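Student: I should like to go through the terms used for this structure and see what justifies each of them. Shall we begin once it is in view?

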Amino acid sequence: MPLFAIHCTDAPDQLAKRMEVRPRHLERLKALNEQGRVILAGPCPKNAEDTAQGFYGSLLVLDFPDRASLDAWLAEEPYLIEGVYSQIDVKPFIKALP
């Protein structure tokens with residue numbers, strides 16, 4: 001199956017909303033991970049030692065059968081629906097290592 005790199009950019013001043021919506025966001029990712037479709041997923045903090053400073057966004061590498069399936073999944077992403085993410089950029093990805 002194809003892999004996709006998804007770079008998600010947070011809207012300004014969305015830390016409180018991000019924390020509020022986080023359980024729903026993680027629930028969906030955990031379900032996808034149980035299917036073996038998460039290659040990696042995580043936030044991009046402004047300061048890794050002090051996440052209270054906020055986040056630039058998130059980086060996900062996911063395994064979907066095609067772009068249409070990924071787009072359908074993203075359409076239900078809580079961070080996107082709730083306005084945490086201002087933009088999502090998707091590109092095909094080839095895993096070289098490990």
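Tutor: Helices and strands are here DSSP runs, of at least four residues for a helix and at least two for a strand, numbered from the N terminus. The model under discussion is a predicted one. With these elements named, Asp 13 can be placed in the loop between β1 and α1.

Student: Why is Asp 13 called exposed?

Tutor: The term exposed requires a relative accessible area over 50%. Asp 13 has 80%, and therefore counts as exposed. The backbone of Asp 13 also has a positive phi, about 55°, although the residue is not a glycine.

Student: Why is His 25 called buried or exposed?

Tutor: Buried means under 20% relative accessible area. The value for His 25 is 6%, so the residue is buried. His 25 is placed in helix α1. Leaving out residues up to four places away in sequence, His 25 touches Glu 77, Pro 78, Tyr 79 and Tyr 85.

Student: What does His 25 have to do with the largest pocket?

Tutor: His 25 is one of the residues nearest the centre of that pocket, together with Arg 22, Leu 26, Gly 42 and Pro 43; the lining has 19 residues. Two or more lining residues come from each of α1, β2 (38-45) and β3. The largest share, nine residues, is given by α1. The space in the pocket is about 290 Å³.

Student: How do the lining residues of the largest pocket divide into nonpolar, polar and charged?

Tutor: Eleven are nonpolar, five are polar and three are charged. Gly counts as polar in this division, and Pro as nonpolar.

Student: What makes a set of residues the largest nonpolar core, and which of its members touch the most others?

Tutor: Membership requires buried residues of the nonpolar kinds joined through side-chain atoms within 4.5 Å. The largest such core has 17 residues, and Ile 6, Leu 62, Phe 64, Leu 70 and Trp 73 touch the most other members. The elements giving two or more residues to this core are β1 (3-10), α1 (15-34), β3 (55-63), α2 (67-74) and β4 (85-93).

Student: Which residues are in contact with Phe 64, leaving aside its neighbours within four places in sequence?

Tutor: They are Met 1, Pro 2, Phe 4, Leu 32, Arg 37, Ser 69, Leu 70 and Trp 73.

Student: What kind of peptide bond joins Leu 97 and Pro 98?

Tutor: The bond is cis, with omega about -10°. Pro 98 is in the segment after β4.

Definitions and conventions: Residues are numbered from 1 along each chain as its sequence is written. This is a predicted model: local features need pLDDT of at least 70, side-chain atom pairs count only at pLDDT 80 or more; totals for chains, interfaces and linings use all residues. Side-chain values use heavy atoms; hydrogens and water are left out. Buried means under 20% relative accessible area, exposed over 50%, partly exposed in between (1.4 Å probe, protein chains only). Contact means heavy atoms within 4.5 Å. On a 1 Å grid over the protein atoms alone, a cavity is a set of points where a 1.4 Å probe fits but cannot get out, and a pocket is an open set with protein on both sides within 12 Å along at least five of seven lines; lining residues have an atom within 4 Å of a point. Grid points are joined across faces, edges and corners, and a volume is the space filled by probe spheres set on the points.
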